[in-house]
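Colleague: I should be grateful for a close look at the salt bridges of this protein chain. Please set them in the context of the chain and of the strands and loops around them.

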Amino acid sequence: MELMKIFEENQKAAEPTNATLTVKTRDFAAAFRRIGPAVGKYRNILPILNCVLVTGTPRGLELTATDLDNRMTDLIPGDFPQVAFVLPYRVAQRFAASAKGENTYFFLENELKLVSGTARISIKTPDAGDFPAAAEIDGDEITMPDPALFLEDLANCARFASDDDSRRPLLGVMMCGTEPELTLAATDGKRLLIAQAGQFTMTRARNEVRKIEAIVPAADIVKLAAFFRKVRGPLTLTLNDKWIRFAAEGKAFSFKLIEGVYPNYNQVIPTSYVNRVILSGFAVEWGIRALGATNLQPHCKMTVAPNRLDFSYESPDGYSSAASVPAETLDADGDELCFNYHFLTQAARLGESIEMTWNDKSNPVTFTTGRYTAVIMPIRNR
């Protein structure tokens, strides 16, 4: 214990006092992890894209990374001197992982020096002026008062988007609406999810109708939700025909939109139905898991019986299973439907009480709960 105490005292005594800027090591490492998804992957072509732009401002220390298609800026709150320099991402990441001091000190001399406890490193860095400038996004601007709800809806819709590059518009989530109502939609041609994402305020509009339309890449939505996970204040969206920028609490994430025309998804939503069932999303998900289905045969059969749903599964190797869950079979009895069990599970996760409606086993089935409407095409059981 005495040796540890002496070591800690020596560490504190060795802390420099003439650093250009000082930041908490924990905050520095966390910010680096958050902007990591935007760091360029083209190491040998554009080395500057493997770096992070560090900018000191009176409101905080900004860390920016970009791969030219994505740009992330994180903020460490505080009053920092107005300096700017470039820091190689992977070098700084390794340094932050090994740094044990409470603070990290930056020295801007002939070369950049980082000091934290016993960890020290000197780096020759590119000029900050070589770092790519942010794209000008002078277009519509809207504010979402509840970012957590909005990001949850975006993430749920992204799971219904396509992964087929030949149909580029379906790779994203359609975001459209006329002030104040915003709607999100995503489809892969076999299933569809529509979310009423709440109200928004348009603070700047390019047209008198005050309407927005944009296709947000599903792949970027995963990064977006993680980046703004702890944000509680309003989320501001700025977009034009090519770019969209999300900003809140000093953080910013901008990326390219998907160009093209999104299909008219409203035409596949049934306007009437013959059969109706009220089911528990949790119970249906449990029933599907109990089947033990695999990707070798991702189809499961659902039979409507009085006050219950019977699930059955048969695999090509001879394995079979069955499970039953309670349900209110109001206007249906004896119907048999076949689904991709992945699609049915995702629909079940949208809520606890779900209304399921359909006409027959050859037409789309609708699942409605709260602000979500999912449409799934049954599989023809041969």
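Modeller: The account below begins with the whole chain, turns to the salt bridges, and then passes to the strands, a surface loop and one helix. The model is a predicted one, and every value that follows is computed from it.

The protein chain has 382 residues, of which 51% count as buried. It contains 7 helices and 25 strands. Its C-alpha trace spans about 80 × 65 × 35 Å along the principal axes. Among contacts between residues at least 6 apart in sequence, 65% join residues at least 24 apart. The chain exposes about 19600 Å², and carbon and sulfur atoms supply 49% of that area.

With regard to charged pairs, side chains of opposite charge can pair when their charged atoms come close. A search of the whole structure finds 20 salt bridges. Several of them can be described individually.

One of these pairs lies within a helix. Glu285 and Arg289 form a salt bridge in which the closest N and O atoms are 3.1 Å apart. Both residues belong to helix 6, which covers residues 281-291, and they are 4 residues apart, about one turn of the helix. The two partners can also be described by their accessibility. Arg289 counts as exposed because its relative accessibility is 60%. Glu285 counts as buried because its relative accessibility is 15%, below the 20% limit for a buried residue.

A second pair is formed by Glu179 and Arg210, with the closest N and O atoms 2.5 Å apart. This pair links distant parts of the chain, the two residues being 31 residues apart. Glu179 is in the loop between strand 10 (172-178) and strand 11 (181-187), whereas Arg210 is in the loop between strand 13 (201-204) and strand 14 (211-217). Glu179 has a relative accessible area of 28% and is therefore partly exposed. Arg210 is partly exposed as well, with a relative accessible area of 30%.

A third salt bridge joins the side chains of Arg59 and Glu62, at 2.9 Å from N to O. Glu62 is buried, since its relative accessible area is 17%. There is also a network of salt bridges, in which Arg34, Asp74 and Lys251 are linked.

The strands provide the next part of the picture. Strand 23 (residues 353-358) pairs with strand 18 (residues 275-280) in the antiparallel sense, over 6 bridges. Within this pairing, Arg276 stands opposite Thr357 of strand 23. Strand 23 is also joined to strand 24 (residues 365-369) by 3 bridges, and these two strands run antiparallel. Here Glu355 stands opposite Thr368 of strand 24. Strands 23 and 24 form a hairpin, with 6 residues between them. In a regular strand the side chains alternate between the two faces of the sheet.

Another antiparallel pairing joins strand 2 to strand 5 through 5 bridges. Val86 in strand 5 is the bridge partner of Leu53. Strand 5 comprises residues 84-88, and 4 of its 5 residues are buried, so this strand is largely enclosed by the rest of the structure.

The loop between helix 2 (25-35) and strand 2 (51-57) holds Ile45. Ile45 counts as exposed because its relative accessibility is 63%, over the 50% limit for an exposed residue. Together with Leu46 and Leu68, Ile45 makes a nonpolar surface patch of about 280 Å². Pro47 is found in the loop between helix 2 and strand 2. Pro47 is exposed, with a relative accessible area of 53%. Pro47 and Asp67 are 20 residues apart in sequence, and their C-alpha atoms are 11 Å apart in space.

Helix 4 completes the account. This helix has 12 residues, 147-158, and at 1.5 Å a residue it should span 16 Å. Its end C-alpha atoms are 16 Å apart, which agrees with that expectation. The buried residues of helix 4 are Pro147, Phe150, Leu151, Asp153, Leu154, Asn156, Cys157 and Ala158.

Conventions: Residues numbered from 1 in each chain as written. Predicted model: local features only at pLDDT ≥ 70, side-chain atom pairs only at ≥ 80, totals over all residues. Heavy atoms only, no water. Expected span 1.5 Å × (residues − 1). Buried < 20%, exposed > 50% of the residue type's maximum accessible area, 1.4 Å probe, protein only. Patch = residues over 30% accessible without salt bridge, like charges linked within 9 Å, V, L, I, M, F, W, Y side chains within 5 Å. Areas by Shrake-Rupley, 256 points an atom, 1.4 Å probe, with all protein chains shown as cover. Salt bridge = Lys/Arg side-chain N within 4 Å of Asp/Glu carboxyl O. Pairing = 2+ DSSP bridges. Contact = heavy atoms within 4.5 Å.
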